[in-house]
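Biologist: I am new to this structure, so please take me through it one question at a time.

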Amino acid sequence: MASKGKYYITTAIAYTSRKPHIGNSYEIVLTDAIARYKRLQGYDVFMLTGTDEHGQKIEEYANAAGITPKEYVDNVAGEIRKICDLLGTKYDKFIRTTDEYHEKVVQKIFKKLYQQDDIYKGTYEGMYCTPCESFWTESQLVDGKCPDCGREVKPAKEEAYFLRLSKYQKQLEEFIENNESFIYPEQRKKEMLNNFIKPGLQDLCVSRTSFKWGVPVDFDPDHVVYVWIDALSNYITAIGYDPDGSSELYKKYWPADVHIIGKDIVRFHTIYWPIMLMALGEPLPKQVFGHPWLLFGEDKMSKSRGNVIYADDLVELLGVDPVRYYLLSEMPYTSDGSITYETIIERYNSDLANTIGNLVNRTIAMQNKYFGGVIQKPTAKEDVDDELSRFAIDTVAKVEKCFETYRVADAIEAILNLAKRSNKYIDETMPWALAKDEDKRDRLGTVLYNLLEAIRYIAILLSPFMPTTAEKIFAQMNCDITDYDSMEVFGATKAGVCVGTAEALFARIDAEKMLADIAAKQEAAAKEEAVVKKEIEGLAEINIDDFAKVELRVANITACEPIKKAKKLLKLTVNDGTDTPRQVVSGIAPWYKPEDLIGKNVIIVANLKPAKLCGEISNGMILAGDVSEDDVKVIFVDMPAGTKIR
């Protein structure tokens, strides 16, 4: 197949604060499916993903863990990449903003913009949200909190460099209005124009001095490059952009055909990023698609709500392809999607086991039963055959149209409908009845041929969504005609080929049993957490005399290991300055690994009554803080073991 040209597609780079949940993983699977479909069509595709690794929040997490920021992001970036690989994504490059080549080009970009007066030095004073790494004016706050995440903000004032957004406002506005397909969906475009651009753009803070974990401004080392220029420029640095002379790869693939991003960062990609490119004199990306969120039921996922689902847990439960199928089929085009264990199991059984799996299994089984597996020539056609072939060809066109506007769930529905139509065709033609009449043997061979050809269409069209399942279908059919162009005419399946053995693609799930197992695990985890929480938070109001009874002592962690069957607990051995080692059990496993803690000095409650947690005796309690709804930080101290805290 001749190449139809280049196609450059990117995800937003994932922030390396902590392990991503399944809602975060939706974007990489969506982008991978689009990239696979474009490759299937014959495009020369380059898919980019990666991690965003600088900023104040990372610096704080690393300090709390007692490790360097680079060590911290190395760990989290490794987890993010592992999940990308687990979900079967086929990216061409994984960029990290700590990559040396990226940091050097970011410095060049910053300097170029400064030298041409698109960046200038000033002072910022406003309200700052650390989780979002965003400055806000008082008027922009919602109920006194960050308008993006709803968390607390703090007043901040510091010297900073600013990007002249205002200089390019009119140019950007005209570009968006003249390029209807630049922002998808349409409602995101209206939101950007009416809520942000037309009211007037304020110049953007693009450097910081209050923390050090970032790319240094090489001509002013007190400053580090702020997240916007650092993170957004990954889309061009990854393929070789350089103000001093870009690579052939960059010249080939830029501008990007589409940035796939979450709806919460559309502003950054359709205002800040285009203006940066305008200032650099580079072409703008062709499209920015802002997808909705995947919620647990009706709520945003949060550890504190106990509704977080991780990709690796879900894959262990169902397998990779069913997880990909659910993520891509359940997400609406503009509104937020929903994930619950009940709906996952329901879709698995109805769509995958009953509709697609059953169609393939019984067709292959009948081909083996009635013809020894040998595919017959379709010599006895009837009108109902034409209906099936037209439906298959129309499905290809429907899927293609859906992908033009990233309506991926609608594309999957069209493929599922072809499987349903094929099952209906079985009911209409009744192969089991034809098999009883020797005079109907040619007709039986034709019916089974048509079913195998329809299944071939289904497998090809499913391959971007469920690549392993598609391979299994082709293997059962013993089919090597899997290219996109082969679907132009219904009838490419080779007669005379012998199909393989019928094997179930998807074993039907006992919903009641699986839900009971999940509930039991959740209940056990909740009990474990309740025990830990009771130990940590169960004190009543006290007076000074009560407090005087509490013995706080510095202890050095000499050993640490996880407790089997207790995901939240770590078992620590500490030296508190006495001659006897002390064992403490702490519910900090979600935030710390054993190697993060060994050798660190912490504060313990030394005279706490011993407690048994998951079969282990805990003689004390480590002091830690709930810094946000889903983050805990241990208090590390620079004092010798045995020091009493008063």
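Biologist: Where is the place of Tyr406?

Modeller: This is a predicted model, with residues numbered from 1 along each chain as its sequence is written. Local features need pLDDT of at least 70, side-chain atom pairs count only at pLDDT 80 or more, totals for chains, interfaces and linings use all residues, and side-chain values use heavy atoms, with hydrogens and water left out. Helices are DSSP runs of H or I of at least four residues, strands are runs of E of at least two, and both are numbered from the N terminus. In those terms, Tyr406 belongs to the loop between α14 and α15 (408-429).

Biologist: Is Tyr406 buried or exposed?

Modeller: A residue counts as buried under 20% relative accessible area, as exposed over 50% and as partly exposed in between, judged with a 1.4 Å probe on protein chains only. Because Tyr406 has a relative accessibility of 6%, it is classed as buried.

Biologist: What is the phi of Tyr406?

Modeller: Most residues other than glycine have a negative phi. Tyr406 is not a glycine, and yet its phi is positive, at about 60°.

Biologist: Which residue in the loop between α15 and α16 (431-434) has a positive phi although it is not glycine?

Modeller: The residue has a phi near 50° and sits in the loop between α15 and α16. With a relative accessible area of 39%, it is partly exposed, and its name is Met430.

Biologist: Which residue follows Tyr184 through a cis peptide bond?

Modeller: Most peptide bonds are trans. The bond that leaves Tyr184 is cis, with omega near -15°, and the residue that it reaches lies in the loop between β8 (183-184) and α6. That residue is Pro185.

Biologist: What is omega for the peptide bond from Trp254 to Pro255?

Modeller: Pro255 is found in the loop between α9 (248-253) and β13 (258-262). The bond that joins Trp254 to Pro255 is cis, and its omega is near 10°.

Biologist: How many residues apart are Tyr37 and Phe403, which form a pair that links distant parts of the chain?

Modeller: Rings of Phe, Tyr and Trp (its six-membered ring) pair if their centres lie within 6.5 Å, and planes under 30 degrees apart count as stacked, over 60 as edge-to-face and the rest as tilted; the whole structure holds 31 such aromatic pairs. The centres of the Tyr37 and Phe403 rings are 3.9 Å apart and their planes are at 5°, so these two rings are stacked. Tyr37 belongs to helix α1 (residues 22-41) and Phe403 to helix α14 (residues 383-404), and their separation along the chain is 366 residues.

Biologist: What is the relative accessible area of Phe403?

Modeller: Its partner Tyr37 is buried, with a relative accessible area of 1%. Phe403 is buried as well, and its relative accessible area is 6%.

Biologist: Where does α13 bend?

Modeller: Helix α13 (residues 341-371) has 31 residues, so at 1.5 Å a residue it should span 45 Å, and its end C-alpha atoms, 42 Å apart, agree with that; the expected span is 1.5 Å times one less than the number of residues. Just after α13, Gly372 takes a positive phi of about 60°. The bend, taken as the angle between axes fitted to the seven residues ending at a residue and the seven starting there, is about 40° in α13 and falls at Gly357.

Biologist: How many residues of α17 are buried?

Modeller: Helix α17 (residues 441-462) reaches 31 Å from its first C-alpha to its last, close to the 32 Å expected. The helix is mostly covered, and of its 22 residues the number buried is 20.

Biologist: How far apart are the C-alpha atoms of His259 and Pro285?

Modeller: His259 lies in strand β13 and is buried, with a relative accessible area of 0%. Pro285 is 26 residues away from His259 in sequence, whereas the distance in space between their C-alpha atoms is 7.6 Å.

Biologist: What percentage of the residues of the protein chain count as buried?

Modeller: The protein chain has 21 helices and 26 strands, and its C-alpha atoms fill a box of roughly 100 × 65 × 40 Å along the principal axes. Of its 646 residues, the share that counts as buried is 53%.
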